[in-house]
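Hi,

Here is the structure I promised to pass on. My notes on it follow below, so have a look at the model and then read on.

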Amino acid sequence: MHLQTALLGLVSLTSASNVASPQHLFANPPSGHGSTYKIPTVHESAVQARRIMRLENIGTLSTVFPSTQATERRPSDVGGAPIGLMDYFGDCEPETGNPTILAITIATSFKNVDAGSNITLSMRWHPQDTKWRSPASLPRFSLVGHLEDIDADAVEKVGMTACYVKKHPDAAWWLPGNMIHESKWVRLVVEDIYWIGGFGDRAYIGWIPKEEWFSVTPEEIEGVRLPGEKSQSAWTSVKSWFGLGSQEQDAGVVEL
C-alpha cells in the first residue's frame, strides 16, 4: 500500500514537471524575452473571427424569455431566464460582416426576439484535420446584436438563397414561402464581439471593437489560416504576421 502511494506520488510529480509553465497572460512579453509566442493583436483576432464565420455554419443563438407570454405554454418561472439553442447561419453578405439567418418564426429564439429580447450568436472553430487539440485551446466568440429583416431585392442581389442552401441543403425545405413553417431572411447586425482566442498566454481574450470587425478586408479573410484548417495552395502562410518564431507549424497553419 505504501509502495503504491509512493509510486502514484512519483508519477504525479513527473507529470507536473512535464507541463509547460504559463507564459505572459493577456500581454506580450517584454522585448528581448525568449518566448516564441506573440499574442495576436485585436485586429488579427478580428480577422480570425471573420475567417471562422466564413467557414463555420452552425452556432448557438442565445435569447431571454419574456416575463409574460400569453401565447405560449411554458413554466411560469422562466421569465427573464436565458436560453441558448443551436441554429444555422451563413456568411452570405460577407461585405457587411453580418451573418445571415433563416428565421423560422415559430422557433423559440425568434419568438423571444419578437417579445423584446436581445440576441447573441456564438460559434467556435472546429479543426478540419485529425490532430487532437484541447477544445479550450481553440478560438470561439460571440456576436451581440439585433436582427434586421432582409428585403427581397437584397436577397436576390447577393444570391442569398443559393449561398445558404449550399451551406445547409436541408434548409431548402424551410425557405420563405414553404408549406411547413413561416420563415424569413434576417441578418444579425453586429454591435459587440467577445472573443476567446484560446489559452491566454498565446491568444487574445476580450472585446473586439465593431470598428475592427467591420474593417477586416476580404483579402485578410482569405489570407489567414486557422489551427487544423486544410491546406490550400492559394492560401499564404501568416507565420511572420503573428510573430510565432520557431513554433511548430504544418503547411503554413498558425497554431495558436
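Let's start with aromatic pairs: rings of Phe, Tyr and Trp (for Trp, the six-membered ring) pair if their centres lie within 6.5 Å, and the planes make them stacked under 30 degrees, edge-to-face over 60 and tilted for the rest. A search of the whole structure turns up 5 such pairs. One of them is Phe 141 with Trp 213, a tilted pair with 5.9 Å centre to centre and 55 degrees between the planes. Phe 141 sits in strand E5 (residues 140–149) and Trp 213 in helix H6 (residues 210–215), so this pair ties together parts that are 72 residues apart in sequence. Helices (H or I, at least four residues) and strands (E, at least two) are DSSP runs, numbered from the N terminus.

Before going further, the ground rules. This is a predicted model, where local features need pLDDT of at least 70 and side-chain atom pairs count only at pLDDT 80 or more, while totals for chains, interfaces and linings use all residues. Residues are numbered from 1 along each chain as its sequence is written, and side-chain values use heavy atoms, with hydrogens and water left out.

Back to the rings. Buried here means under 20% relative accessible area, exposed over 50%, and partly exposed in between (1.4 Å probe, protein chains only). Phe 141 is buried, with a relative accessible area of 2%, and Trp 213 is buried too, at 0%. Tyr 164 and Trp 185 make an edge-to-face pair, 5.1 Å centre to centre with 80 degrees between the planes. Since Tyr 164 lies in helix H5 (residues 160–167) and Trp 185 in strand E6 (residues 183–196), that pair ties together parts that are 21 residues apart in sequence. Tyr 164 counts as buried at 1% relative accessibility, and Trp 185 does so at 7%. Ring pairs also link Phe 141, Trp 195 and Trp 213 into a cluster.

Trp 213 has a charged visitor as well: Arg 50 lies over its face, 5.4 Å from the ring centre. The cut-off for a charge over a ring is NZ of Lys or CZ of Arg within 6 Å of the ring centre and within 35 degrees of the ring normal.

Arg 50 is one of the buried residues of helix H2. H2 is mostly covered, with 11 of its 14 residues buried. What should the 14 residues of H2 (residues 42–55) span? At 1.5 Å a residue the answer is 20 Å, and the end C-alpha atoms are 20 Å apart, which agrees; the expected span is 1.5 Å times one less than the number of residues. Glu 44 is also in H2 and counts as buried at 6% relative accessibility. Its C-alpha is 9.1 Å from that of Val 224, although the two are 180 residues apart along the chain.

On to the strands, which pair if DSSP finds at least two bridges between them. E1 (residues 58–64) runs antiparallel to E2 (residues 82–88), joined by 7 bridges, with Ile 58 opposite Tyr 88. E1 also pairs with E4 (residues 119–124) in the antiparallel sense, over 3 bridges, and there Thr 60 has Ser 122 as its bridge partner. Side chains alternate along E1: Gly 59, Leu 61 and Thr 63 point to one face and are buried, whereas Ile 58, Thr 60, Ser 62 and Val 64 point to the other and are not.

Finally, confidence: pLDDT is the predictor's confidence in each residue, from 0 to 100. The chain averages 83, and 75% of the residues score at least 70. Over residues 10–29 the pLDDT is below 50. Where pLDDT is low, the predicted coordinates should not be read in detail.

Cheers

Terms used
Contact = heavy atoms within 4.5 Å.
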